[in-house]
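Dear colleague,

Please find below the sequence and the structure that I am handing over to you. My findings follow directly after them, for your consideration.

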Amino acid sequence: MARPDQEKCRLCSKLNSQEAQQRHGPDGDGCWNPKYCHNRRSYYRHRGVRNHIRKQRRREQPAESGLSESGASPSERVATLGVLAPAVPAAVVHWYRITKDAPLHALGAELWIGNDRIAKIDPVHCLGLTELQVKTLLVRILDVFSQHSGIKVERFRSSVELHPHNCPIRPCPLYPEVKL
């Protein structure tokens, strides 16, 4: 059975090397061992990716063993098939806020049909808008998307949370224009 993960080492792996050595070296709690810690930190940092690759290899292994007996080469085993999915409009709303409970900084939207983005509403600042005004704005966006696509867009199919620092609007309260 595998050894359980060390929570202290997992948290230490998120620090850069200098911070880790300061916190856990001779001036810190004294657990830093240069012989082991560099490798252990790398293990914890890349553990998720390595496990994902390992799972993929395990899934592919039974399929390979069954086909290798029939003499098929690896390139002949996989067939790529195309499926035509119905092209339905999907509206995506972009919320610019720190958390779901935080005040809304800005709001944007996109309209997708299949794999193609066919329309975009540039973000608009929502500072000072009430909840009812924001809901009215969302309904207007859906109406504009419906008119543009010619197909009724009834609701947003997906939402994306973005930090206000990613707000592309200038001037912005977060990035006021500097006047000298």
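**Surroundings of Trp95**

Leaving aside neighbours within four places in sequence, Trp95 is in contact with Leu104, Ala106, Leu107, Val134, Leu138, Ser159, Val160, Glu161 and Leu162. Please note that the model is a predicted one.

Trp95 also belongs to the largest nonpolar core, a set of 17 residues, where Trp95, Leu107, Leu138, Phe145 and Phe156 have the most contacts inside the core. E1, E2 and H5 each supply at least two residues of this core. The greatest contribution is that of H5, with 6 residues.

One of the contacts of Trp95, Leu162, may be viewed from its own side as well. Leu162 lies in strand E4, which spans residues 156-162. Not counting residues up to four places away in sequence, Leu162 touches His94, Trp95, Tyr96 and Arg97. Between Leu162 and His105 there are 9.9 Å in space, C-alpha to C-alpha, although the two are 57 residues apart in sequence. Is Leu162 buried or exposed? Neither term applies: with a relative accessible area of 23%, Leu162 is partly exposed, because buried would require a value under 20%.

**Overall architecture**

The protein chain contains 5 helices and 4 strands. Read from the N terminus, its elements follow the order α-α-α-α-β-β-β-α-β. Of the 180 residues in the protein chain, 25% are buried. Among contacts between residues at least 6 apart in sequence, 49% join residues at least 24 apart.

**Strand pairing**

Strand E1 (residues 89-96) pairs with E2 in the antiparallel sense, and 8 bridges connect the two. Within this pairing, Val93 has Ala109 in E2 as its bridge partner. Strand E2 (residues 106-113) is mostly covered, as 7 of its 8 residues are buried.

E2 also pairs with strand E3 (residues 116-125), again in the antiparallel sense, over 7 bridges. Here Ile113 has Asp116 in E3 as its bridge partner. The two strands E2 and E3 form a hairpin with 2 residues between them, and Gly114 in the turn has a positive phi of about 65°.

**Pockets**

The largest pocket has a volume of about 230 Å³. Its lining consists of Ala2, Arg3, Pro4, Asp5, Gln6, Lys8, Cys9, Arg40, Tyr43 and Tyr44. Helix H1 (7-13) and helix H3 (37-68) each supply at least two of the lining residues, and H3 gives the most, with 3 residues. By character, the lining of the largest pocket divides into 5 nonpolar, 1 polar and 4 charged residues.

The second largest pocket has a volume of about 150 Å³. Trp95 is found in its lining, together with Pro103, Leu104, Cys126, Leu127, Leu129, Glu131, Val134, Lys135 and Leu138. Which helix provides the largest share of this lining? That share, 4 residues, comes from helix H5 (residues 131-149). The lining of the second largest pocket divides into 8 nonpolar, no polar and 2 charged residues.

Trp95 thus recurs in these findings: Trp95 is among the residues with the most contacts inside the largest nonpolar core, and Trp95 is one of the residues that line the second largest pocket. Leu138 likewise appears both among those core residues and in that lining.

With kind regards

Definitions and conventions. Residues are numbered from 1 along each chain as its sequence is written. This is a predicted model: local features need pLDDT of at least 70, side-chain atom pairs count only at pLDDT 80 or more; totals for chains, interfaces and linings use all residues. Side-chain values use heavy atoms; hydrogens and water are left out. On a 1 Å grid over the protein atoms alone, a cavity is a set of points where a 1.4 Å probe fits but cannot get out, and a pocket is an open set with protein on both sides within 12 Å along at least five of seven lines; lining residues have an atom within 4 Å of a point. Grid points are joined across faces, edges and corners, and a volume is the space filled by probe spheres set on the points. Ala, Val, Leu, Ile, Met, Phe, Trp, Tyr, Cys and Pro count as nonpolar, Asp, Glu, Lys and Arg as charged, and the others, Gly among them, as polar. Buried means under 20% relative accessible area, exposed over 50%, partly exposed in between (1.4 Å probe, protein chains only). Two strands pair if DSSP finds at least two bridges between them. A nonpolar core is a set of buried Ala, Val, Leu, Ile, Met, Phe, Trp, Tyr and Cys residues joined through side-chain atoms within 4.5 Å. Contact means heavy atoms within 4.5 Å.
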